[in-house]
Amino acid sequence: VSEGPYYALYLVSNSYCTMGGLQVDGGNRIRSTDYTAIPHLYAAGTEISGLDGTTYGLILPGSAMGYCIYSGRNAVQNAVKDWLE
């Protein structure tokens, strides 16, 4: 390689979230391996369901915050319903 220009950049590996993992139903109840909801066990955020797939942009941190807020609220509302029943 005898001609330039040459460019270099320093890359660092980071992980903002797991992007999937726990499966949940519409009420944010965690599902077991047979896809039945586990009573009184909820999850929220990007660690569930893989809903963000490849759409969470690492160059745009925070782009999944809307889903985190919604899923947390949904989980709490359903947990309260379960608790009151």
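**Exercise 1. The side chain of Asn74**

Task: In this predicted model, determine which backbone oxygen lies 2.9 Å from a polar atom of the side chain of Asn74, and describe the setting of Asn74.

Solution.
1. The backbone oxygen in question belongs to Gly26, at 2.9 Å from a polar atom of the Asn74 side chain.
2. Asn74 itself is located in helix H1.
3. With neighbours within four places in sequence set aside, the contacts of Asn74 are Gly26, Gly27 and Asn28.
4. The relative accessible area of Asn74 is 10%. Buried residues have under 20%, so Asn74 is classed as buried.

**Exercise 2. The partner residue Asn28**

Task: State where Asn28 is found, which side chain makes a polar contact with the side chain of Asn28, and whether Asn28 is buried or exposed.

Solution.
1. Asn28 belongs to the segment that precedes strand S1.
2. Its side chain makes a polar contact of 2.5 Å with the side chain of Asn74.
3. Beyond the neighbours within four places in sequence, Asn28 is in contact with Leu41, Tyr42, Ala43, Ala44, Ile48, Tyr67, Ser71, Asn74 and Ala75.
4. A relative accessible area of 2% makes Asn28 buried.

**Exercise 3. The salt bridge**

Task: How many salt bridges does a search of the whole structure find, and which side chains meet in a salt bridge?

Solution.
1. The search of the whole structure yields 1 salt bridge.
2. The side chains of Arg29 and Asp25 meet in a salt bridge, with an N to O distance of 3.1 Å.
3. The class limit for buried is under 20% relative accessible area. Asp25, at 17%, is therefore buried.
4. Arg29, at 22% relative accessibility, counts as partly exposed.

**Exercise 4. The hairpin**

Task: Establish in which sense strands S1 and S2 pair, and identify the residue in the turn that has a positive phi.

Solution.
1. S1 spans residues 29–31 and S2 residues 37–42; their pairing is antiparallel, over 2 bridges.
2. Arg31 has Ala37 as its bridge partner in S2.
3. The two strands, S1 and S2, form a hairpin with 5 residues between them.
4. Within the turn, Tyr35 has a positive phi of about 70 degrees.

**Exercise 5. A nonpolar surface patch**

Task: Which residues make the nonpolar surface patch, and where is Trp83 placed?

Solution.
1. Val76, Val80, Trp83 and Leu84 make a nonpolar patch of about 490 Å² on the surface.
2. Trp83 is placed in helix H1, which covers residues 65–84.
3. Its relative accessibility is 71%. Exposed residues have over 50%, so Trp83 counts as exposed.

Terms used
Residues are numbered from 1 along each chain as its sequence is written. This is a predicted model: local features need pLDDT of at least 70, side-chain atom pairs count only at pLDDT 80 or more; totals for chains, interfaces and linings use all residues. Side-chain values use heavy atoms; hydrogens and water are left out. A salt bridge is a side-chain nitrogen of Lys or Arg within 4 Å of a carboxyl oxygen of Asp or Glu. Buried means under 20% relative accessible area, exposed over 50%, partly exposed in between (1.4 Å probe, protein chains only). Two strands pair if DSSP finds at least two bridges between them. Helices (H or I, at least four residues) and strands (E, at least two) are DSSP runs, numbered from the N terminus. Patches are made of residues with over 30% relative accessible area and no salt bridge: like charges are joined within 9 Å, nonpolar side chains (Val, Leu, Ile, Met, Phe, Trp, Tyr) within 5 Å. Accessible areas come from the Shrake-Rupley method with a 1.4 Å probe; for residues, only the protein chains shown count as cover. A polar contact is a pair of N or O atoms within 3.5 Å; within protein, one must be able to donate a hydrogen and the other to accept it, and residues adjacent in sequence count only if both atoms are side-chain atoms. Contact means heavy atoms within 4.5 Å.
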